[in-house]
Amino acid sequence: MRMRSLWVAAVCSLGLMVPAWAQIKIGQTAGFSGPVAAGVKEITDGAKLYFDAVNARGGVGGQKIELISLDDKFDPKLAAANAEKLIGQGVLALFLTRGTPHTEAVLPLLAQHRLALVAPSTGAMLLHEPVNKHVFNVRATYQREAERAIQHLVATGVTRIALLHVDDSFGTDSAAGALRGLQQAKLQAVAQLTFPRVKPELGPLIAQVVKADTQAVLFIGTGDAVSSGLKLLRAAGSSAQLLTLSNNASSGFIKQLGEQARGVVISQVFPSERSMGTPMVREARELAAAAGRAELTPANLEGFAAAKVLVTALGKAGKEPSRASLLKALDGLGKIDLGGLELSFSPNDHTGLDYADLSIVGPDGKFWR
């Protein structure tokens with residue numbers, strides 16, 4: 001008996017215990033503090049909602065999923081450093097990175113260490129075209145969202161549209177979709193203005209927007225920047241319609257807007273969080289209720305969908321999934337139904353969903369469709 005106990009102890013010390021005791025480590029670097037913290041927390045909570053349900057059923061192949069999240073404070077350099085640290089800790093994949101420059105900073109590490117990035121929380125076109133064999137997108141592109149926002153404005157008779165965006169790869173990429181929408185409508189922006197990502201000085205830019213007698217402003221930036229800009233816009237006496245993209249589709253953003261929230265239009269990349277006719281939404285709501293959570297947000301749904309994609313791929317990656325087997329499983333995932341939303345990956349297409357819609361903040365402080 002003593003010899004058997006010693007043998008078991010030795011096996012455990014070598015990390016060779018049965019797979020049912022093992023952990024599947026998934027790494028995340030995102031801005032849990034700083035200007036995108038509210039949205040990051042909600043997206044991550046949505047992913048954990050699904051992971052917790054899977055783990056409660058025994059995990060994937062008897063192995064439970066452990067999400068290791070590090071705060072990069074919305075700093076691209078720290079995002080890269082965090083990703084390297086996570087890779088050193090043996091994560092099978094990276095997951096739900098936040099921000100376009102931040103995800104760009106991580107890309108070289110994916111190729112170097114041959115691992116996947118699943119569901120980056122950015123709609124940057126550079127992650128879609130050309131196909132990056134290590135990146136597997138779930139949400140639609142920012143260009144698709146921005147183009148959809150312009151189409152909505154034009155359809156409602158708005159012609160004097162200002163474009164205000166952060167001067168980084170996220171802002172430039174998103175603006176390309178807005179400009180395409182304007183070109184299709186044979187319009188030009190009455191003003192196209194940019195601001196720095198760090199410590200933006202918005203006052204002079206808002207003054208130019210007001211001077212241009214703008215009917216609507218498509219404001220592309222973090223929740224902090226957009227909420228500050230809206231308050232300045234209203235203080236200057238402008239009643240222009242304000243629109244922003246899905247990176248701000250969180251309840252935290254509505255809280256930032258405060259009394260100015262009502263009537264703000266935010267693009268969405270998933271169906272309404274109250275759409276019980278969508279099986280994925282219904283599943284998420286039932287799990288949230290069982291966990292004692294009162295409601296879901298659009299950001300929760302993004303994380304939930306991302307987790308479903310990852311778990312599906314892990315289930316196809318073999319009994320002892322590795323970075324290589326997970327990459328192979330993702331690449332050949334084919335068409336899957338997330339619950340009313342179909343997504344497919346192939347070696348020539350890692351785009352994910354193309355769903356884009358618009359919502360407006362209602363008088364109850366919730367997203368209306």
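## Pockets

A pocket is here an open set of grid points, with protein on both sides within 12 Å along at least five of seven lines. In this predicted model, the largest pocket has a volume of about 290 Å³. Its lining comprises 24 residues, of which P35, V36, F74, R197 and T222 are the closest to the centre. Two helices, α4 (100–113) and α8 (223–235), each contribute at least two residues to this lining, and α4 gives the most, with 3 residues. By class, the lining of the largest pocket divides into 11 nonpolar, 7 polar and 6 charged residues.

The second largest pocket holds about 190 Å³ of space. Among the 13 residues that line the second largest pocket, those closest to its centre are S251, E295, L296, G365 and K366. Helix α9 (residues 251–257) gives the most to this lining, with 3 residues. The lining of the second largest pocket has 4 nonpolar, 3 polar and 6 charged residues.

## Salt bridges and their burial

Side chains of opposite charge can pair when their charged atoms come close. A search of the whole structure yields 11 salt bridges. One of them joins E145 to R139, with the closest N and O atoms 2.3 Å apart. E145 has a relative accessible area of 0% and is therefore buried, the cut-off being under 20%. R139, at 3% relative accessibility, also counts as buried.

E273 is paired with R274, and the closest N and O atoms of this salt bridge lie 3.3 Å apart. Here E273 counts as buried, at 3% relative accessibility, whereas R274 is partly exposed because its relative accessible area is 40%, a value that falls between the limits of 20% and 50%.

## A link between helices

A salt bridge also connects E147 and R180, whose closest N and O atoms are 3.2 Å apart. This pair links distant parts of the chain: E147 belongs to helix α5 (residues 142–155) and R180 to helix α6 (residues 169–184), with the two positions 33 residues apart in numbering. E147 counts as buried, at 11% relative accessibility, while R180 is partly exposed, with a relative accessible area of 29%.

## A salt-bridge network

Salt bridges also occur in a network, which links R148, D357 and R369.

Key
Residues numbered from 1 in each chain as written. Predicted model: local features only at pLDDT ≥ 70, side-chain atom pairs only at ≥ 80, totals over all residues. Heavy atoms only, no water. Salt bridge = Lys/Arg side-chain N within 4 Å of Asp/Glu carboxyl O. Buried < 20%, exposed > 50% of the residue type's maximum accessible area, 1.4 Å probe, protein only. Helix = DSSP H or I, 4+ residues; strand = E, 2+ residues; numbered from the N terminus. 1 Å grid on protein atoms, 1.4 Å probe; cavity = no way out; pocket = protein on both sides within 12 Å on 5 of 7 lines; lining within 4 Å. Points joined across faces, edges and corners; volume = space filled by probe spheres on them. Nonpolar A, V, L, I, M, F, W, Y, C, P; charged D, E, K, R; others polar.
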